Structures are given as structure tokens and as C-alpha cells.
Amino acid sequence: MRTAINSPDYHVPLEGFSQIVLTAPGDQMAYVSGLTARTEDGTIVGLGDMGAQTRQVLENIATVLSAVDSTLGDVVQIRSYVTDISRWDEIEPVWREYWGEGPWPASTMVQVSQLFDPQLLIEIDVVATVPK
């Protein structure tokens with residue numbers, strides 16, 4: 001379960017943004033390593049397309065989370081590493097596909113000079129609750 005809290009004393013940059021995300025007492029947490037836009041066989045999806053790569057990464061995260069009976073709805077924190085932060089306008093609509101208008105997981109996005117493979121545009125790691 002994810003409950004968002006935004007302080008009235010700090011700017012909320014866009015609808016859906018969560019400054020603080022609380023989980024239920026006693027929740028077990030899953031820490032998911034950074035995943036990229038690769039398919040099961042290692043093929044990179046969406047060469048040059050930030051939106052397509054974001055969608056593939058989130059699908060990969062959903063697949064990994066299913067191993068512990070969690071879903072993207074259980075994600076409480078997301079960290080995104082992008083090669084061009086000015087392309088947020090391609091990422092945001094994909095987030096809205098998965099998390100709607102919010103509350104979104106607590107989030108951080110940083111620009112990096114390059115990911116493991118230069119064809120990758122985004123890598124995401126998450127923290128999620130695990131259902132009891």
C-alpha cells in the first residue's frame with residue numbers, strides 16, 4: 001500500500017508527484033536493481049525512443065516484481081537514470097499510463113553521461129512493498 005503526503009510548505013512540481021510515500025506498518029520491502037529496456041533475450045527495445053524504452057523498463061520491473069507477488073502498484077520509490085533529462089516529456093506520459101494521476105512513487109531522476117550500453121536511454125531501480 002502506498003500513501004502519499006505532500007507538505008504545503010514545499011513546491012509540488014507536477015500533478016502526481018509525491019514528496020513522501022508511507023507504507024503500512026510491518027510491510028516487507030523488495031529492492032529491485034536497476035533494469036533497462038532489454039527483452040528476455042537481451043535485445044534492446046526502442047532504439048532512440050525514450051518513451052518506448054521507459055515502457056519496456058516498467059514492463060521488466062513488473063515482471064521481476066511478480067516473482068514476489070508484487071506489482072507496479074506496490075512500488076513506493078523509483079530512481080531513474082536518463083541520458084538526456086530534457087526528454088522528460090517522453091517519460092511522463094508513460095508514467096501516467098502506469099500510475100495515472102497519482103500518487104506516484106517517491107521519485108528521483110538524474111541525468112548520467114552514459115548507461116552500460118550506449119544504446120540505452122534509461123535505467124530504473126525501485127523499492128516496492130511485498131504483499132503478506
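Two strands pair if DSSP finds at least two bridges between them. Helices (H or I, at least four residues) and strands (E, at least two) are DSSP runs, numbered from the N terminus. The model on display is predicted: local features need pLDDT of at least 70, side-chain atom pairs count only at pLDDT 80 or more, and totals for chains, interfaces and linings use all residues. Residues are numbered from 1 along each chain as its sequence is written, and side-chain values use heavy atoms, with hydrogens and water left out.

**The sheet**

Begin by selecting the four strands that form an open sheet in the order S3-S6-S4-S5, with mixed pairing. At the edges are strand S3 (28-35) and strand S5 (106-111), each of which pairs on one side only. From one strand to the next, the twist averages 10 degrees; axes here are lines fitted to C-alpha atoms, for helices over the stretch in contact, and angles run from 0 to 180 degrees between N-to-C directions.

Next, select strand S4 (residues 75-82) together with strand S6 (residues 122-130), which pair in the antiparallel sense over seven bridges. Tyr81 is found opposite Glu123 in S6, and Arg79 has Asp125 of S6 as its bridge partner. On moving to S3, one finds that S3 and S6 are also paired in the antiparallel sense, over six bridges. Here Leu35 stands opposite Ile124 in S6. In a regular strand the side chains alternate between the two faces of the sheet.

Colour S6 by accessibility: eight of its nine residues are buried. Buried means under 20% relative accessible area, exposed over 50%, and partly exposed in between (1.4 Å probe, protein chains only).

**Helix H1**

Now select helix H1 (residues 50-65), which packs on the sheet and touches S3, S4 and S6; contact means heavy atoms within 4.5 Å. The direction of H1 makes about 30 degrees with that of S6. The expected span of a helix is 1.5 Å times one less than its number of residues. For the 16 residues of H1 this should give 22 Å, and the end C-alpha atoms are 22 Å apart, which agrees.

At the N-terminal end of H1, display Asp49, which caps the helix: a side-chain oxygen lies 3.1 Å from the backbone nitrogen of Gly51. Buried residues of H1 include Met50, Val57, Leu58, Ile61 and Leu65. The buried residues of H1 pack against S3, S4, H2 and S6.

Gln56 in helix H1 merits a separate selection. Is Gln56 buried or exposed? Gln56 is buried, because its relative accessible area is 17%. Leaving aside neighbours within four places in sequence, Gln56 is in contact with Ala37, Arg38, Thr39 and Val45.

**From the loop into helix H2**

Proceed to Arg87, in the loop between S4 and H2. Arg87 is buried, with a relative accessible area of 18%. Not counting residues up to four places away in sequence, Arg87 touches Gly48, Asp49, Met50 and Leu121.

Add Glu90, which is placed in helix H2. A polar contact of 2.8 Å joins the side chains of Glu90 and Arg87. A polar contact is a pair of N or O atoms within 3.5 Å; within protein, one must be able to donate a hydrogen and the other to accept it, and residues adjacent in sequence count only if both atoms are side-chain atoms. Glu90 counts as partly exposed because its relative accessibility is 27%. With neighbours within four places in sequence left aside, Glu90 is in contact with Met50 and Gly51.

Extend the selection to the whole of helix H2 (residues 88-99), which packs on the sheet, touching S4, S5 and S6. Its direction makes about 160 degrees with that of S4. In H2, Ile91, Glu92, Val94, Trp95 and Trp99 are buried, and the buried residues of H2 pack against H1, S4, S5 and S6. Just after H2, Gly100 takes a positive phi of about 60 degrees.

**The nonpolar core**

Finish with the largest nonpolar core, which has 21 residues. A nonpolar core is a set of buried Ala, Val, Leu, Ile, Met, Phe, Trp, Tyr and Cys residues joined through side-chain atoms within 4.5 Å. Which residues touch the most other members of this core? They are Leu58, Ile61, Trp99 and Ile124. H1, S4, H2 and S6 each supply at least two residues of this core, and H1 gives the most, with five.

Centre the view on Trp99: not counting residues up to four places away in sequence, Trp99 touches Arg2, Leu58, Leu72, Val75, Ile78, Trp104 and Pro105.
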